[in-house]
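Colleague: Please take a close look at one part of this model and explain it in a way that a first-year student can follow. I should then like to see how the description carries over to the rest of the chain.

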Amino acid sequence: MKEFQHRNVLVKGVSIGGIESSYILPHFKVAFDFGRCPDDLIDVPTIFLTHGHLDHSAGIAYYFSQRSLKNLPEGKVYVPAAIKKPIRKILKLWHKIEQFEYKIQVEGINHHQKVEIRKNVFIKALPAFHRIPAQGYVLLEKKRKLKKEYIALSGRKIEKLKKQGEDIFEEREIPLFCYSGDTDIRFLENNKEAQQAKVLLLECTYIDDKRPPERAHKWGHIHLYDILDRLDLFQNEKIVLIHFSKRYKANYINKILSEKLPAKYSSRFISWPQL
Ligand SMILES: [Zn+2]
Ligand SMILES: [Zn+2]
């Protein structure tokens with residue numbers, strides 16, 4: 001597994017387009033997608049699935065069965081609401097095949113729905129645009145912040161206002177981390193939280209003219225050129241490009257990125273193979 005850290009967001013994962021995708025946030029005890037269920041995933045109690053393609057979902061039955069073998073609590077899995085029923089069904093079929101019934105917990109989650117994973121930390125599903133029902137996820141931290149109109153005031157004045165009982169704070173949800181899953185570029189265009197998350201993991205399946213943007217769009221994926229055309233949308237501190245097609249070697253990805261990406265963006269963008 002590779003690791004990436006920015007601020008308090010540590011990401012461990014595997015990422016090969018069409019082969020395997022799974023990302024763990026160990027500090028938050030949460031993960032996104034199963035891939036083929038890497039060993040480290042088994043200990044993560046809460047998993048959010050982006051969509052049903054097997055490179056993202058294949059490990060789900062193995063995940064539940066391994067947790068049962070290790071005597072861990074059953075684990076909680078959130079899947080796009082549209083596939084909750086078939087996912088439960090296939091897990092029940094595995095029970096029959098294995099003639100052993102391990103506990104499962106599968107909940108559906110709709111676009112824009114939020115789940116609290118610990119006090120003041122939420123995961124919210126964001127609409128994605130793929131060939132089958134799909135969604136990305138953003139991790140939001142709720143914080144009390146000074147209202148904008150008070151930011152310029154000195155510490156003493158703020159103390160005074162507080163003593164007077166003035167309501168100078170407001171609750172804000174800070175998007176710390178966002179993961180696109182598989183999608184076309186509308187995921188970035190349509191979701192403000194994807195543009196603002198401190199760390200954004202964004203799929204970038206194709207990168208050159210041999211697999212042109214039209215082909216990427218046909219399969220519900222992002223082409224590097226889509227990203228280059230929309231650089232002004234990215235307010236993120238770090239953008240990690242993921243899910244590259246396995247046809248590209250790491251050196252080639254890095255060469256194309258350094259050629260095409262304007263210099264002023266190069267410190268914020270990184271590709272998963274570069275980690
Ligand atoms: Zn995929
Ligand atoms: Zn997919």
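Modeller: In this predicted model, F64 has a relative accessibility of 1% and therefore counts as buried, since the limit for that class is under 20%. Y63 is buried too, with a relative accessible area of 0%. A search of the whole structure finds 14 aromatic pairs. Y63 and F64 form one such pair, with ring centres 5.4 Å apart and an angle of 65 degrees between the planes, an edge-to-face arrangement. The rings of F100 and Y102 provide a second example: their planes stand at 50 degrees and their centres are 6.1 Å apart, so this pair is tilted. Within it, F100 is partly exposed at 47% relative accessibility, whereas Y102 is buried at 3%. Aromatic residues also assemble into a cluster, formed by Y23, F32, F48, Y78, Y137, F177, Y179 and W272.

Y63 and F64 are among the buried residues of helix 2, together with I60, A61, S65, Q66 and R67. The helix runs over residues 60–69 and is mostly covered, with 7 of its 10 residues buried. What covers these buried residues? The cover includes two helices, helix 1 (54–57) and helix 3 (84–98), as well as strand 5 (46–48), strand 6 (76–80) and strand 7 (106–109). After helix 2 comes N71, which has a positive phi, near 60 degrees.

Helix 1, part of that cover, leads to the metal sites. The zinc ion (ligand 1) is coordinated by D55 (OD), H56 (NE2), D182 (OD) and H243 (NE2), at 2.2 to 2.3 Å. Along the chain, these donors follow the spacing D-H-x125-D-x60-H. The angles among the 4 donor atoms run from 91 to 155 degrees, and the site is irregular. D55 lies in helix 1, while D182 lies in the loop between strand 11 and helix 5, so the pair ties together parts that are 127 residues apart in sequence. Both of these aspartates, D55 and D182, are buried.

The zinc ion (ligand 2) has as its protein donors H51 (NE2), H53 (ND1), H130 (NE2) and D182 (OD), which lie 2.2 to 2.4 Å from it. This site is irregular as well, with angles of 91 to 165 degrees among its 4 donor atoms. A tetrahedral site would need all angles between 85 and 135 degrees. D182 bridges the zinc ion (ligand 2) and the zinc ion (ligand 1), which lie 3.7 Å apart. H53 belongs to the loop between strand 5 and helix 1, and D182 to the loop between strand 11 (169–179) and helix 5 (186–190), so this pair ties together parts that are 129 residues apart in sequence. H53 is partly exposed at 28% relative accessibility, but D182 is buried at 2%.

Helix 5 also contributes elsewhere. In the largest nonpolar core, which has 35 residues, I227, F234, L241 and F269 touch the most other members. Helix 5 supplies at least two residues of this core, and so do strand 9 (121–127), strand 10 (135–146), strand 12 (199–203), helix 8 (224–228), strand 13 (238–242) and helix 9. The largest share comes from helix 8, with 4 residues. Beyond its neighbours within four places in sequence, I227 is in contact with I185, L202, E203, C204, I222, F234, L241 and F269. Another core, of 25 residues, lies apart from this one; F4, V9, I109 and F177 are among its members.

Helix 9 spans residues 250–260 and contains I253, which is buried at 1% relative accessibility. Setting aside residues up to four places away in sequence, I253 touches I207, F244, Y248, S271 and P273. I253 and P273 are 20 residues apart along the chain, and their C-alpha atoms are separated by 7.9 Å.

One contact of I227, C204, raises a last point. C204 is buried at 0% relative accessibility. Why does C204 form no bond with C178? The cysteine sulfur closest to that of C204 is the one in C178, and at 15 Å it is too far away for a bond. For the structure as a whole, the count comes to 0 disulfides.

Notes
Residues are numbered from 1 along each chain as its sequence is written. Chains are lettered from A and ligands numbered from 1 in the order in which they are written. This is a predicted model: local features need pLDDT of at least 70, side-chain atom pairs count only at pLDDT 80 or more; totals for chains, interfaces and linings use all residues. Side-chain values use heavy atoms; hydrogens and water are left out. Buried means under 20% relative accessible area, exposed over 50%, partly exposed in between (1.4 Å probe, protein chains only). Contact means heavy atoms within 4.5 Å. A disulfide is a pair of cysteine sulfur atoms within 2.5 Å. Donors are N, O and S atoms within 2.8 Å of the metal (3.2 Å for Na, K and Ca); water is not among the atoms, so sites may look incomplete. Four donors count as tetrahedral if all angles lie between 85 and 135 degrees; four count as square planar and six as octahedral if opposite donors are over 155 degrees apart and all others between 65 and 115; anything else is irregular. A nonpolar core is a set of buried Ala, Val, Leu, Ile, Met, Phe, Trp, Tyr and Cys residues joined through side-chain atoms within 4.5 Å. Rings of Phe, Tyr and Trp (its six-membered ring) pair if their centres lie within 6.5 Å; planes under 30 degrees apart count as stacked, over 60 as edge-to-face and the rest as tilted.
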